[in-house]
Amino acid sequence: RSQLERDLTHALQDGQLTVHYQPTVDIGARCIVGFEAFVRWLHPTMGVLPAQRFIPLAEDVGQVWAIDAFVLGETGRRAAAWQGLHPTLSDLVMSVNLSSQQFRDQSVIDTVHHAVSTSGVRPSTFQLEVSEATLMDPRSPDPELLLGRLHALGVRLAIDNFGTGSSSLSCLRQLPLDVLNIDRRFIAGLGSSRDDEVIVRAVLNLAEAFAVEAVAEGVETESQRDWLDEAGCRLAQGYLFSHPVDSTTAEALLRVQVHESD
Ligand code: G
Ligand code: MN
């Protein structure tokens with residue numbers, strides 16, 4: 001851990017951090033509508049480390065701000081490049097995860113504002129994901145105020161891992177949300193668990209009633225996809241469609257899509 005903490009100080013300057021992108025797809029139209037960004041550390045001796053391995057360390061050593069700014073900047077640059085590939089890609093949405101620590105600090109607003117204003121893309125191209133657990137954490141001082149400020153910048157807001165935390169419906173109603181991400185543990189049970197199916201249907205109804213989008217996360221099989229399609233869920237993400245991939249591969253996926261639409 002201490003070795004990683006020391007290495008982390010140089011990782012950003014040495015260009016060892018990179019962002020991978022996992023497509024979000026429109027199930028019916030069979031096209032990519034956006035990407036979720038995942039930061040990865042290409043560690044010189046330990047290989048590729050996912051965010052869970054080093055973001056908590058970065059929070060402890062006060063480096064997480066630099067990493068956020070990097071991820072938001074990278075994502076904004078990719079968005080500008082990819083939206084420019086073809087007119088049909090102008091609505092591409094880029095989703096970035098907010099850590100719980102960022103969510104406790106107002107300075108995240110400046111970081112997001114800077115990324116949005118330097119990217120050259122519309123603010124609504126950016127979507128920020130905050131987990132339901134973070135939103136409900138008593139250490140998050142004033143979620144409503146913070147989300148309100150972010151919303152005022154024009155970015156989209158999503159609740160991640162929806163269904164696993166304990167947000168009350170009255171609380172949800174007061175938040176300026178655009179998207180509910182249905183947690184993959186419920187998606188895993190589609191076709192086999194009555195309980196999971198009931199929960200997913202309830203979340204889809206809730207999303208419709210609040211006029212927000214629902215994204216089914218962790219779709220791994222065709223039968224899960226078909227179940228969601230029949231239940232009226234428009235958007236999905238998961239290994240069935242694509243793993244998170246590097247930016248070159250993500251761009252290649254978009255080029256294929258554009259080519260097929262012409
Ligand atoms: O909660 P959040 O959406 O931020 O989690 C994303 C994580 O889930 C990433 O680490 C990503 O690689 C992983 N993931 C994405 N799609 C799938 C999937 O279809 N199945 C599983 N098991 N994990 C997935
Ligand atoms: Mn996420």
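What classes of residue make up the shell around ligand 1, and how many of each are there? In this predicted model, the shell has 4 nonpolar residues, 5 polar ones and 5 charged ones. That adds up to a neighbourhood of 14 residues, and the ones that come nearest to the ligand are Gln22, Asn161, Arg184, Glu220 and Tyr239.

Some of the links to ligand 1 can be picked out atom by atom. On the nitrogen side, an N or O atom in the side chain of Gln22 is 3.0 Å from a nitrogen atom of the ligand. Oxygen atoms of ligand 1 have partners too: the side chain of Arg184 brings an N or O atom to 2.8 Å from one, and a polar side-chain atom of Asn97 lies 3.3 Å from an oxygen atom of the ligand. How much of ligand 1 does the protein bury? On its own the ligand exposes 520 Å², and 79% of that is buried by the protein.

As for its location, ligand 1 sits in the largest pocket. Two elements each give two or more residues to the shell around it, namely strand 2 (31–43) and strand 6 (156–162).

Strand 2 also holds His43. With a relative accessible area of 7%, His43 is under the 20% cut-off and so counts as buried. Its side chain has company: a polar contact of 2.8 Å joins it to the side chain of Asp7. A polar atom of the His43 side chain also lies 3.0 Å from the backbone nitrogen of Met46.

One strand earlier in the numbering, Asp26 belongs to strand 1 (residues 17–26). Is Asp26 buried or exposed? At 11% relative accessible area, it is buried, because that value is under 20%. The Asp26 side chain reaches a backbone atom as well, with the nitrogen of Gly28 at 3.1 Å.

Next come two pairs of residues that are far apart in sequence. Ala250 is part of helix 11 (residues 247–261), and its relative accessible area is 0%, so it is buried. Along the chain, 215 residues separate Ala250 from Phe35, yet their C-alpha atoms are 8.7 Å apart. The second pair involves Gln237, which lies in the loop between strand 9 (235–236) and helix 11. Gln237 is buried too, at 5% relative accessible area. Its partner here is Pro23: the two are 214 residues apart in sequence, but 6.4 Å apart in space when taken from C-alpha to C-alpha.

Finally, there is the backbone to look at. Which value does phi take in Arg30? It is near 55 degrees, which is a positive value in a residue other than glycine. Arg30 is found in the loop between strand 1 and strand 2. With 66% relative accessibility, Arg30 is over the 50% cut-off and therefore counts as exposed.

Ala211 tells a similar story, with phi near 55 degrees, again a positive value in a residue that isn't glycine. The loop that holds Ala211 runs between helix 9 (194–209) and strand 8 (213–216). Ala211 is exposed because its relative accessible area, 69%, is over 50%.

Terms used: Residues are numbered from 1 along each chain as its sequence is written. Chains are lettered from A and ligands numbered from 1 in the order in which they are written. This is a predicted model: local features need pLDDT of at least 70, side-chain atom pairs count only at pLDDT 80 or more; totals for chains, interfaces and linings use all residues. Side-chain values use heavy atoms; hydrogens and water are left out. A residue is near a molecule or strand if one of its heavy atoms lies within 4 Å of it. A polar contact is a pair of N or O atoms within 3.5 Å; within protein, one must be able to donate a hydrogen and the other to accept it, and residues adjacent in sequence count only if both atoms are side-chain atoms. Accessible areas come from the Shrake-Rupley method with a 1.4 Å probe; for residues, only the protein chains shown count as cover. On a 1 Å grid over the protein atoms alone, a cavity is a set of points where a 1.4 Å probe fits but cannot get out, and a pocket is an open set with protein on both sides within 12 Å along at least five of seven lines; lining residues have an atom within 4 Å of a point. A molecule sits in a cavity or pocket if more than half of its atoms lie within 2 Å of its grid points. Helices (H or I, at least four residues) and strands (E, at least two) are DSSP runs, numbered from the N terminus. Ala, Val, Leu, Ile, Met, Phe, Trp, Tyr, Cys and Pro count as nonpolar, Asp, Glu, Lys and Arg as charged, and the others, Gly among them, as polar. Buried means under 20% relative accessible area, exposed over 50%, partly exposed in between (1.4 Å probe, protein chains only).
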